[in-house]
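Reader: Could you walk me through how to read the features of a model, one at a time?

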Amino acid sequence: MLLWMVMPLARAAEPVIDAITEMVARPEVLRGQFSQEKQVSGFRNPLRSQGRFLVARQRGVIWTTLKPFPSEVVVTADRILSRQRDGSTRVELDARQQPAMRSINAIMFALMSGDVGALSSQFHVDATRVDQGWRLQLTPKSAMLARAFRSMTLQGDRYVRDVEIVEANQDRTRIQFSDLADTPASLTADEAGRLD
């Protein structure tokens, strides 16, 4: 599950990874709120946004920004679609045209759900237990991912509560999740339609 350069360290780390994997909930549907802050090189003040999200296993992610400007991004295994306030839509990426996008989408699902197994296939994972939760420090394995990300840090308990992404250009994004709920366990007709 976890590959380390030094095998004794891998054997020591595996119980921590196993414990975190057991701890993280795997609901069919997870809904919640997010607040995001991005520090962009050359800008004095961070860019802030807030909204709500939905993660549906095997279906996708709906990321709805409410502030400062309403918009929505829908991520499925096949595409990334953006919807603007006026209802217009635009396909940002399509896996049929850009097959590498599938791995980006898989990483997004794994980040949102705390899927340690999926993350360890793409990243070197340094896992630690923290108080009643856990922390994962991720560094890319492939040169392709390293061109985009320097590191990612996830913290949580039963759910991912905090994500920090450091991009290769040193821009930083921090996302905090709150008001997490795994009920109702099925999608509403509206949610299902937005994921189609």
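Author: We'll go through strands, burial, aromatic pairs, cores and backbone angles in turn. First the ground rules: this is a predicted model, where local features need pLDDT of at least 70 and side-chain atom pairs count only at pLDDT 80 or more, while totals for chains, interfaces and linings use all residues. Residues are numbered from 1 along each chain as its sequence is written, and side-chain values use heavy atoms, with hydrogens and water left out.

Reader: Let's start with strands. How do I read them, and which strands pair with S3?

Author: Helices (H or I, at least four residues) and strands (E, at least two) are DSSP runs, numbered from the N terminus. Two strands pair if DSSP finds at least two bridges between them. Here, S3 covers residues 60-67. Strand S2 (residues 47-56) pairs with S3 in the antiparallel sense over seven bridges, and Ala 56 stands opposite Gly 60 of S3. Strand S4 (residues 71-75) also runs antiparallel to S3, joined by five bridges.

Reader: What sits between these strands in sequence?

Author: S2 and S3 form a hairpin with three residues between them, and Gln 58 in that turn has a positive phi of about 70°. S3 and S4 are joined by a hairpin too, through three residues. Pro 68 lies in the loop between S3 and S4, and the peptide bond joining Lys 67 to Pro 68 is cis, with omega about 5°.

Reader: How many bridges join S7 to S8?

Author: Eight bridges join strand S7 (residues 123-130) to strand S8 (residues 133-140), and the two run antiparallel. Val 125 has Leu 138 in S8 as its bridge partner. The S7-S8 hairpin has two residues between the strands, and Asp 131 in the turn shows a positive phi of about 45°.

Reader: Now burial. Why is S3 described as largely enclosed?

Author: The general idea is a cut-off on relative accessible area: buried means under 20%, exposed over 50%, and partly exposed in between (1.4 Å probe, protein chains only). Six of the eight residues of S3 are buried, so S3 is largely enclosed by the rest of the structure. Take Thr 64, in strand S3: at 9% relative accessibility, Thr 64 counts as buried.

Reader: What does Thr 64 touch?

Author: Contact means heavy atoms within 4.5 Å. Not counting residues up to four places away in sequence, Thr 64 touches Phe 34, Gln 50, Gly 51, Arg 52, Ser 71, Glu 72 and Arg 194. Glu 72 is worth a second look: Glu 72 is the bridge partner of Thr 64 in S4, and a polar contact of 2.8 Å joins their side chains. A polar contact is a pair of N or O atoms within 3.5 Å; within protein, one must be able to donate a hydrogen and the other to accept it, and residues adjacent in sequence count only if both atoms are side-chain atoms.

Reader: And aromatic pairs: how many are there?

Author: Rings of Phe, Tyr and Trp (its six-membered ring) pair if their centres lie within 6.5 Å; planes under 30 degrees apart count as stacked, over 60 as edge-to-face and the rest as tilted. By this rule there are four aromatic pairs. In one of them, Trp 63 and Phe 177 meet edge-to-face, 6.2 Å centre to centre with 85° between the planes. That pair links distant parts of the chain, with Trp 63 in strand S3 and Phe 177 in strand S11 (residues 172-181), 114 residues apart. Trp 63 and Phe 177 are both buried, and together with Phe 34 and Phe 53 they form one aromatic cluster.

Reader: Which residues of the largest nonpolar core touch the most other members?

Author: A nonpolar core is a set of buried Ala, Val, Leu, Ile, Met, Phe, Trp, Tyr and Cys residues joined through side-chain atoms within 4.5 Å. The largest has 34 residues, and Phe 53, Leu 119, Leu 136, Leu 138, Leu 154 and Phe 177 touch the most other members. Helix H2 (residues 101-113) gives the most to this core, with four residues. A second, separate core of seven residues includes Val 29, Leu 54, Ala 56 and Val 74.

Reader: Last one: is Asp 179 buried or exposed?

Author: At 59% relative accessibility, Asp 179 counts as exposed. Asp 179 lies in strand S11 and has a positive phi of about 50° although it is not a glycine.
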